[in-house]
Amino acid sequence: MILISEDKNSIVTIDKGELVSYKKDGEELIHQKGQPGWRNSDTEMFPIIGPTETNDFMVETPKGIVPQDQHGLLRELEYKLLQNDEFSAVFSKEYAANTKVKNSKYPEKSTKELVFWPYSFEFSKTYELTNNSLTVLFEIQSEKGMPFMLGYHPAFKLNGDGLELCKTNSHTATIQNIMDGGSSAYPILNTNEITLIKEKGYNISIKTEGFNNFMCWTEVTNMLCIEPITEYPYTTKKELSSNQFNISKGKEMLKVEIKPF
(Lines give C-alpha, C1' and ligand atoms only; values in the text may rest on other atoms or scores of the structure.)
Protein backbone atom coordinates (compact mmCIF):
# COMPACT_ATOMS: atom_id res chain seq x y z
CA MET A 1 0.00 0.00 0.00
CA ILE A 2 1.25 3.47 -0.91
CA LEU A 3 0.29 6.84 0.58
CA ILE A 4 1.23 10.00 -1.32
CA SER A 5 1.16 13.49 0.16
CA GLU A 6 -0.89 16.22 -1.43
CA ASP A 7 2.23 17.95 -2.81
CA LYS A 8 3.50 14.55 -4.13
CA ASN A 9 6.88 15.05 -2.40
CA SER A 10 6.33 12.44 0.33
CA ILE A 11 5.62 8.77 -0.35
CA VAL A 12 4.94 6.14 2.32
CA THR A 13 4.84 2.39 1.69
CA ILE A 14 3.09 0.06 4.14
CA ASP A 15 3.26 -3.75 4.04
CA LYS A 16 0.66 -5.54 6.20
CA GLY A 17 0.67 -2.69 8.70
CA GLU A 18 4.45 -2.30 8.75
CA LEU A 19 6.05 0.99 7.69
CA VAL A 20 8.64 -0.16 5.16
CA SER A 21 9.39 3.13 3.39
CA TYR A 22 9.04 6.87 3.93
CA LYS A 23 10.56 8.95 1.17
CA LYS A 24 10.82 12.73 1.29
CA ASP A 25 11.91 14.38 -1.96
CA GLY A 26 13.26 11.01 -3.03
CA GLU A 27 15.36 10.43 0.11
CA GLU A 28 14.60 7.17 1.95
CA LEU A 29 14.24 7.74 5.69
CA ILE A 30 13.41 4.18 6.81
CA HIS A 31 15.82 1.27 7.23
CA GLN A 32 15.34 -1.22 4.40
CA LYS A 33 14.87 -4.93 5.00
CA GLY A 34 17.84 -6.96 3.88
CA GLN A 35 20.33 -4.27 4.87
CA PRO A 36 22.66 -4.87 7.84
CA GLY A 37 21.14 -4.29 11.26
CA TRP A 38 17.58 -5.45 11.80
CA ARG A 39 15.35 -7.75 9.80
CA ASN A 40 12.34 -5.42 10.11
CA SER A 41 11.56 -1.75 9.55
CA ASP A 42 8.84 -1.16 12.13
CA THR A 43 6.89 -3.06 14.79
CA GLU A 44 5.19 -2.62 18.16
CA MET A 45 6.01 -3.92 21.65
CA PHE A 46 2.81 -4.80 23.53
CA PRO A 47 1.51 -5.63 26.11
CA ILE A 48 5.04 -5.71 27.55
CA ILE A 49 8.40 -4.22 26.63
CA GLY A 50 11.66 -5.99 27.24
CA PRO A 51 12.91 -9.50 27.98
CA THR A 52 11.23 -12.16 30.10
CA GLU A 53 13.86 -14.89 29.84
CA THR A 54 15.26 -14.35 33.35
CA ASN A 55 11.81 -15.10 34.78
CA ASP A 56 11.31 -18.23 32.66
CA PHE A 57 9.26 -16.19 30.15
CA MET A 58 6.44 -15.64 32.68
CA VAL A 59 4.77 -12.32 33.60
CA GLU A 60 2.61 -11.63 36.63
CA THR A 61 -0.75 -9.88 36.11
CA PRO A 62 -3.79 -9.31 38.37
CA LYS A 63 -5.38 -12.26 36.57
CA GLY A 64 -2.50 -14.64 37.12
CA ILE A 65 0.96 -15.46 35.82
CA VAL A 66 1.06 -15.92 32.04
CA PRO A 67 3.69 -16.84 29.42
CA GLN A 68 5.05 -13.89 27.43
CA ASP A 69 8.15 -13.63 25.29
CA GLN A 70 10.29 -10.57 24.68
CA HIS A 71 8.28 -7.47 23.72
CA GLY A 72 4.91 -9.24 23.99
CA LEU A 73 2.55 -11.19 21.77
CA LEU A 74 1.10 -8.38 19.62
CA ARG A 75 3.77 -8.90 16.96
CA GLU A 76 2.63 -12.51 16.56
CA LEU A 77 -0.80 -11.33 15.36
CA GLU A 78 -1.63 -10.11 11.85
CA TYR A 79 -2.97 -6.68 11.04
CA LYS A 80 -6.24 -6.31 9.15
CA LEU A 81 -6.78 -3.25 6.98
CA LEU A 82 -9.91 -1.41 8.11
CA GLN A 83 -9.86 1.58 5.78
CA ASN A 84 -7.57 3.71 3.66
CA ASP A 85 -7.43 6.60 1.23
CA GLU A 86 -4.66 8.46 -0.57
CA PHE A 87 -3.30 10.04 2.62
CA SER A 88 -4.15 7.59 5.42
CA ALA A 89 -4.64 3.96 6.42
CA VAL A 90 -6.08 2.23 9.48
CA PHE A 91 -5.01 -1.26 10.60
CA SER A 92 -6.23 -3.36 13.50
CA LYS A 93 -5.37 -6.45 15.52
CA GLU A 94 -7.93 -8.13 17.78
CA TYR A 95 -7.16 -10.54 20.58
CA ALA A 96 -9.53 -12.59 22.78
CA ALA A 97 -8.40 -13.18 26.36
CA ASN A 98 -6.41 -16.38 26.98
CA THR A 99 -6.21 -17.32 23.30
CA LYS A 100 -3.00 -19.28 22.83
CA VAL A 101 -0.71 -17.84 20.15
CA LYS A 102 2.22 -19.61 18.51
CA ASN A 103 5.52 -18.10 19.61
CA SER A 104 7.84 -17.52 16.63
CA LYS A 105 10.87 -17.47 18.96
CA TYR A 106 10.29 -21.11 19.96
CA PRO A 107 12.38 -23.27 20.14
CA GLU A 108 15.54 -21.39 19.09
CA LYS A 109 15.23 -18.46 21.51
CA SER A 110 12.46 -19.45 23.89
CA THR A 111 11.16 -22.39 25.90
CA LYS A 112 7.51 -21.34 25.44
CA GLU A 113 5.83 -22.72 22.34
CA LEU A 114 2.59 -20.86 23.07
CA VAL A 115 1.95 -17.48 24.72
CA PHE A 116 -1.25 -15.75 25.85
CA TRP A 117 -2.61 -12.72 27.72
CA PRO A 118 -5.54 -12.84 30.20
CA TYR A 119 -7.27 -9.75 28.75
CA SER A 120 -9.04 -9.07 25.46
CA PHE A 121 -8.02 -6.04 23.44
CA GLU A 122 -8.28 -4.35 20.06
CA PHE A 123 -5.14 -2.56 18.90
CA SER A 124 -5.45 -0.04 16.06
CA LYS A 125 -2.64 1.65 14.15
CA THR A 126 -3.42 4.64 11.93
CA TYR A 127 -1.05 6.32 9.47
CA GLU A 128 -1.71 9.93 8.43
CA LEU A 129 0.58 11.52 5.83
CA THR A 130 0.78 15.26 5.21
CA ASN A 131 3.17 17.37 3.16
CA ASN A 132 5.34 17.86 6.25
CA SER A 133 5.10 14.74 8.40
CA LEU A 134 3.88 11.21 9.00
CA THR A 135 1.75 10.66 12.09
CA VAL A 136 1.23 7.20 13.58
CA LEU A 137 -1.72 6.92 15.98
CA PHE A 138 -2.27 4.01 18.34
CA GLU A 139 -5.63 3.21 19.94
CA ILE A 140 -6.01 0.44 22.51
CA GLN A 141 -9.48 -0.70 23.55
CA SER A 142 -9.57 -3.19 26.39
CA GLU A 143 -11.06 -4.10 29.73
CA LYS A 144 -10.56 -1.36 32.32
CA GLY A 145 -7.71 -2.22 34.64
CA MET A 146 -5.64 -4.14 32.09
CA PRO A 147 -1.92 -3.63 32.73
CA PHE A 148 0.10 -2.82 29.63
CA MET A 149 3.29 -1.36 28.27
CA LEU A 150 3.56 -0.02 24.72
CA GLY A 151 6.59 0.68 22.60
CA TYR A 152 6.76 1.72 18.96
CA HIS A 153 9.83 0.32 17.20
CA PRO A 154 10.66 2.08 13.88
CA ALA A 155 14.12 1.86 12.32
CA PHE A 156 15.65 4.83 10.51
CA LYS A 157 18.21 4.79 7.75
CA LEU A 158 21.61 6.33 8.56
CA ASN A 159 24.45 7.39 6.30
CA GLY A 160 26.85 4.75 7.62
CA ASP A 161 29.52 7.15 8.88
CA GLY A 162 28.45 7.00 12.52
CA LEU A 163 28.27 10.79 12.79
CA GLU A 164 24.55 11.18 13.50
CA LEU A 165 23.32 12.46 16.87
CA CYS A 166 20.15 11.93 18.89
CA LYS A 167 19.29 15.13 20.75
CA THR A 168 16.72 16.34 23.24
CA ASN A 169 16.59 19.63 25.13
CA SER A 170 18.84 18.16 27.83
CA HIS A 171 20.67 15.20 26.31
CA THR A 172 22.84 14.29 23.31
CA ALA A 173 23.77 10.72 22.34
CA THR A 174 26.15 9.64 19.60
CA ILE A 175 25.75 6.49 17.54
CA GLN A 176 28.69 5.02 19.45
CA ASN A 177 26.96 5.79 22.77
CA ILE A 178 23.93 3.89 21.53
CA MET A 179 25.94 0.96 20.21
CA ASP A 180 27.71 0.74 23.57
CA GLY A 181 24.28 0.37 25.20
CA GLY A 182 24.11 -3.16 23.80
CA SER A 183 21.03 -5.35 23.71
CA SER A 184 19.33 -3.51 26.58
CA ALA A 185 19.15 -0.37 24.37
CA TYR A 186 20.10 3.19 25.28
CA PRO A 187 17.54 5.06 27.40
CA ILE A 188 16.56 8.68 26.82
CA LEU A 189 13.88 9.24 29.43
CA ASN A 190 11.33 11.82 30.58
CA THR A 191 10.90 13.54 27.23
CA ASN A 192 8.29 13.44 24.48
CA GLU A 193 10.52 14.75 21.70
CA ILE A 194 13.81 13.66 20.16
CA THR A 195 15.68 14.75 17.03
CA LEU A 196 17.92 12.67 14.78
CA ILE A 197 20.62 15.02 13.46
CA LYS A 198 22.43 13.98 10.27
CA GLU A 199 25.27 15.63 8.35
CA LYS A 200 23.72 14.50 5.06
CA GLY A 201 20.07 14.49 4.12
CA TYR A 202 16.99 15.23 6.19
CA ASN A 203 17.10 15.50 9.97
CA ILE A 204 14.11 13.84 11.66
CA SER A 205 12.05 15.18 14.55
CA ILE A 206 10.02 12.62 16.52
CA LYS A 207 7.31 14.03 18.81
CA THR A 208 5.07 11.82 20.92
CA GLU A 209 1.99 11.88 23.10
CA GLY A 210 1.40 9.22 25.76
CA PHE A 211 4.92 7.73 25.74
CA ASN A 212 7.28 10.25 27.42
CA ASN A 213 10.36 8.01 27.06
CA PHE A 214 12.61 6.68 24.31
CA MET A 215 15.13 3.94 23.94
CA CYS A 216 17.56 3.68 21.03
CA TRP A 217 19.22 0.59 19.63
CA THR A 218 21.61 -0.39 16.86
CA GLU A 219 24.57 -2.67 16.27
CA VAL A 220 25.58 -1.06 12.95
CA THR A 221 26.17 2.44 11.59
CA ASN A 222 23.66 2.28 8.72
CA MET A 223 20.45 2.18 10.80
CA LEU A 224 19.02 3.25 14.14
CA CYS A 225 15.90 2.22 16.01
CA ILE A 226 14.41 5.19 17.88
CA GLU A 227 11.64 3.73 20.01
CA PRO A 228 8.98 5.72 21.90
CA ILE A 229 8.12 3.72 25.03
CA THR A 230 5.74 4.09 27.97
CA GLU A 231 8.41 2.75 30.35
CA TYR A 232 12.06 1.71 30.11
CA PRO A 233 12.11 -2.00 31.04
CA TYR A 234 15.78 -2.70 31.61
CA THR A 235 16.05 -1.32 35.14
CA THR A 236 16.18 -4.79 36.73
CA LYS A 237 17.04 -8.31 35.66
CA LYS A 238 14.15 -9.69 37.67
CA GLU A 239 10.52 -9.87 36.58
CA LEU A 240 8.71 -6.77 35.34
CA SER A 241 7.39 -4.77 38.28
CA SER A 242 3.85 -3.46 38.61
CA ASN A 243 4.99 0.17 38.51
CA GLN A 244 6.28 -0.31 34.95
CA PHE A 245 2.76 -0.94 33.64
CA ASN A 246 0.15 1.57 32.59
CA ILE A 247 -3.36 0.70 33.74
CA SER A 248 -5.98 0.87 31.01
CA LYS A 249 -8.96 3.15 31.38
CA GLY A 250 -10.71 1.12 28.69
CA LYS A 251 -9.53 3.28 25.79
CA GLU A 252 -6.01 4.63 25.33
CA MET A 253 -4.70 6.94 22.61
CA LEU A 254 -0.99 7.44 21.88
CA LYS A 255 0.68 9.34 19.06
CA VAL A 256 4.00 9.57 17.22
CA GLU A 257 4.79 12.32 14.69
CA ILE A 258 7.77 11.75 12.39
CA LYS A 259 8.81 15.01 10.73
CA PRO A 260 11.76 15.35 8.32
CA PHE A 261 13.32 18.80 8.08
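User: I'd like to learn to read a strand. In β2 (residues 10-15), which side chains point to one face and are buried, and which point to the other?

Analyst: Happy to help, and please keep in mind that this is a predicted model. In β2 the side chains alternate. Ser10, Val12 and Ile14 point to one face and are buried, while Ile11, Thr13 and Asp15 point to the other face and are not buried.

User: Which strands does β2 pair with, and how many bridges join them?

Analyst: The general idea comes before the case. Strands of a sheet pair through backbone hydrogen bonds, in either a parallel or an antiparallel way. Here, β2 runs antiparallel to β1 (residues 2-4), with 3 bridges joining them, and Ile2 stands opposite Thr13. On β3 (residues 18-24), β2 has another antiparallel partner, joined to it by 6 bridges. There, Ser10 has Lys24 as its bridge partner.

User: What do the turns of those hairpins look like?

Analyst: Between β1 and β2 there are 5 residues, and Lys8 takes a positive phi near 70°. The hairpin of β2 and β3 has 2 residues between the strands, with Lys16 in the turn at a positive phi of about 55°.

User: Let's pick a residue in β3. Is Ser21 buried or exposed?

Analyst: Ser21, which sits in strand β3, has a relative accessible area of 8% and is therefore buried. Its side chain makes a polar contact of 2.6 Å with the side chain of Glu28. Leaving out residues up to four places away in sequence, Ser21 touches Ile11, Val12, Thr13, Glu28, Ile30 and Gln32.

User: Can we read Thr43 in the same way? What does Thr43 touch?

Analyst: Thr43 belongs to strand β5 (residues 42-45). Its relative accessibility is 14%, so Thr43 counts as buried. With residues up to four places away set aside, Thr43 touches Trp38, Arg75, Gly151, Tyr152 and His153. You can also check a distance in your viewer: the C-alpha atoms of Thr43 and Leu74 are 9.2 Å apart, with their positions 31 residues apart along the chain.

User: And what is the strand order of the sheet that holds β5?

Analyst: That open sheet has 5 strands in the order β5-β15-β22-β21-β18, with antiparallel pairing. β5 and β18 (186-189) are the edge strands, each pairing on one side only. Neighbouring strands in this sheet are turned by 20° against each other on average, with direction ignored. Within the sheet, β21 and β22 run antiparallel and are joined by 5 bridges, with Phe214 opposite Pro228 in β22.

User: What is the order of the open sheet of 9 strands?

Analyst: Its order is β8-β9-β12-β13-β24-β20-β19-β16-β17, again with antiparallel pairing. β8 (80-84) and β17 (172-174) stand at the edges with a single partner strand each, so one side of each has no neighbour in the sheet. Here the neighbouring strands are turned by 15° against each other on average, direction ignored. For a pair to look at, try β20 (residues 204-209) and β24 (residues 251-260), which are antiparallel over 6 bridges. Ile206 has Ile258 in β24 as its bridge partner.

User: Now the nonpolar core. Which residues have the most contacts inside the largest one?

Analyst: The largest nonpolar core has 69 residues, and Trp117, Phe121 and Ile226 have the most contacts inside it. Strand β22 (residues 223-229) gives the most to this core, with 5 residues. Ile226, leaving aside neighbours within four places in sequence, is in contact with residues including Tyr152, Phe156, Ile206 and Phe214.

User: How many aromatic pairs are there, and how do I read one?

Analyst: A search of the whole structure finds 11 aromatic pairs. To classify one, look at the angle between the ring planes: over 60 degrees counts as edge-to-face and under 30 as stacked, with the rest called tilted. Phe46 and Phe148 have ring centres 6.1 Å apart and planes at 45°, so this pair is tilted. Phe46 lies in the loop between β5 and β6 (58-61) and Phe148 in β14 (residues 147-148), so the pair ties together parts 102 residues apart in sequence. Both Phe46 and Phe148 are buried.

User: What kind of pair do Phe138 and Phe211 form?

Analyst: Phe138 and Phe211 form an edge-to-face pair, 6.3 Å centre to centre with 80° between the planes. Phe138 is in β13 (residues 134-142) and Phe211 in the loop between β20 and β21 (213-217), so this pair ties together parts 73 residues apart in sequence. Both Phe138 and Phe211 are buried. To finish, colour the aromatic cluster that Phe46, Tyr95, Phe121, Phe123, Phe138, Phe148, Tyr152 and Phe211 form.

Technical notes. Residues numbered from 1 in each chain as written. Heavy atoms only, no water. Pairing = 2+ DSSP bridges. Helix = DSSP H or I, 4+ residues; strand = E, 2+ residues; numbered from the N terminus. Axes fitted to C-alpha atoms, helices over the stretch in contact; angles between N-to-C directions. Core = buried A, V, L, I, M, F, W, Y, C linked by side-chain atoms within 4.5 Å. Buried < 20%, exposed > 50% of the residue type's maximum accessible area, 1.4 Å probe, protein only. Contact = heavy atoms within 4.5 Å. Polar contact = N/O pair within 3.5 Å; in protein donor to acceptor, adjacent residues only side chain to side chain. Phe/Tyr/Trp six-rings, centres within 6.5 Å; stacked < 30°, edge-to-face > 60°.
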